[in-house]
Amino acid sequence: MGRHMINIWVISPFSHEYPEEWERVLQFNLQYGIASLGFRKLGDCSELDVDTIIKRHYDAYPDWEGRESGDAHQVARFYSEIQLDDVVLARRGTKVLAAIGTVNRMPYYDDQLTVSVFPDDIAYPNHIGVDWRDEPRNLDFGRQIFGYLPFCSMDRDRFDAIADEFGFAEAVVWPD
C-alpha cells in the first residue's frame with residue numbers, strides 16, 4: 001500500500017481577537033506537540049457522522065443558529081480526514097503563519113488536556129499530535145492568506161506558491 005496524499009490543514013489555536021489568550025494557547029500547543037479544535041459543548045464526536053454532529057450542535061449552541069452545518073463539517077473532517085504526516089499550519093488571524101508542523105498522532109478526544117490554558121469552560125477537546133518545526137514562526141504575509149474558519153484545508157498548489165514567495169518551501173519535505 002502506498003503513502004497517502006499529504007493534506008495541508010490550517011488551524012487557529014484560538015481567536016486572534018484575544019491576543020494574550022491566543023499566545024498562551026499557541027505556546028501550550030508548541031510545548032506539548034498538539035493542535036486542537038474547539039466545540040467543547042458537542043462532547044466526543046470522534047465516532048459520529050456529520051448529521052449526528054449537526055443535531056448535537058442545535059442543542060449545544062442554540063445561539064449559533066445557521067452555523068450548525070459548517071461547524072459540524074469542520075469537526076467531522078477533523079476526525080475523518082486528518083492523517084499521519086499531513087502538514088499543519090497554525091495561523092494568527094488571516095495574515096500570519098504562527099507555526100508549521102507535521103501530524104504525528106491521529107485525531108483524538110480529551111476534554112481535560114487543555115483546561116489549564118483555556119479560559120473558563122471552553123477548553124478545546126479535539127486534538128492531533130503535531131511535530132512543530134522551529135521555523136518559520138510568526139511569518140507575517142502582509143495580506144490575507146487564510147480564511148476565517150477555525151479549521152480547514154489548503155490546496156497544495158496554493159501552499160507551494162505561498163511557500164515559494166515567502167521563502168519557507170524547505171519547511172516541508174513532501175514524501176512524493
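## Close-up views of a predicted model

**View 1. The surroundings of Val88 in the core.** Apart from residues within four places of it in sequence, Val88 is in contact with Trp9, Ile11, Ala35, Ala99, Ile100, Gly101, Val103, Ile128, Val130 and Trp132. The model shown here and in the views that follow is a predicted one. Val88 belongs to the largest nonpolar core, a set of 38 residues in which Leu42, Val75, Phe78, Val88, Ile128 and Trp132 have the most contacts. Two or more residues of this core come from each of the elements E1, H1, E2, H2, H3, E3, E4 and E5. A second, separate core holds 20 residues, among them Ile6, Leu97, Phe146 and Phe168. In soluble globular proteins, nonpolar side chains tend to be buried together.

**View 2. Strand E1 and its two partners.** Strand E1, residues 8–11, is covered on both faces, with Ile8 and Val10 buried on one side and Trp9 and Ile11 buried on the other. E1 runs parallel to strand E3 (residues 87–92), to which four bridges join it, and antiparallel to strand E7 (residues 151–154), again with four bridges. Ile11 can be followed to both partners, since this residue stands opposite Ala90 in E3 and opposite Phe151 in E7.

**View 3. Strand E2 beside strand E5.** From strand E2 (residues 34–37), Ile34 and Ser36 point one way while Ala35 and Leu37 point the other way, and all of them are buried. E2 pairs with strand E5 (residues 126–132) in the antiparallel sense over four bridges, and within this pairing Ala35 stands opposite Ile128.

**View 4. Helix H1 and the residue that follows.** The 14 residues of helix H1 (residues 19–32) should span 20 Å at 1.5 Å a residue, and the C-alpha atoms at its ends are indeed 20 Å apart. Trp22, Val25, Leu26, Phe28, Asn29 and Leu30 are buried in H1, and the buried residues of this helix pack against E2, E3, E4 and E5. Glu20, by contrast, lies in H1 but is exposed, because its relative accessible area is 67%. After H1 comes Gly33, which has a positive phi near 65°.

**View 5. Helix H3 and the ring pair at Phe78.** Helix H3 (residues 68–81) has 14 residues, for which a span of 20 Å is expected at 1.5 Å a residue, in agreement with the 19 Å between its end C-alpha atoms. Its buried residues are Glu68, Asp71, Ala72, Gln74, Val75, Ala76, Phe78 and Tyr79, and they pack against E1, E2, H2, E4, E5 and E7. Phe78 forms an edge-to-face aromatic pair with Phe151, at 5.4 Å centre to centre and 75° between the planes. Because Phe78 lies in H3 and Phe151 in E7, the pair ties together parts that are 73 residues apart in sequence. Phe78 is buried, with a relative accessible area of 0%, and Phe151 counts as buried at 3%.

**View 6. Other aromatic rings.** The structure holds 13 aromatic pairs. In one of them, the ring centres of Phe14 and Phe118 are 5.5 Å apart and the planes lie at 65°, so the pair is edge-to-face. Phe14 sits in the loop between E1 and H1 and Phe118 in the loop between E4 and E5, which places the partners 104 residues apart. Ring pairs also link Phe141, Phe146, Phe159, Phe166 and Phe168 into a cluster. Charged groups face rings as well: Arg67 lies over the face of Trp64, at 4.0 Å from the ring centre, and the charged end of Arg105 sits over the ring of Tyr108, 3.5 Å from its centre.

How values were computed: Residues numbered from 1 in each chain as written. Predicted model: local features only at pLDDT ≥ 70, side-chain atom pairs only at ≥ 80, totals over all residues. Heavy atoms only, no water. Buried < 20%, exposed > 50% of the residue type's maximum accessible area, 1.4 Å probe, protein only. Pairing = 2+ DSSP bridges. Expected span 1.5 Å × (residues − 1). Contact = heavy atoms within 4.5 Å. Core = buried A, V, L, I, M, F, W, Y, C linked by side-chain atoms within 4.5 Å. Phe/Tyr/Trp six-rings, centres within 6.5 Å; stacked < 30°, edge-to-face > 60°. Lys NZ or Arg CZ within 6 Å of the ring centre and 35° of its normal.
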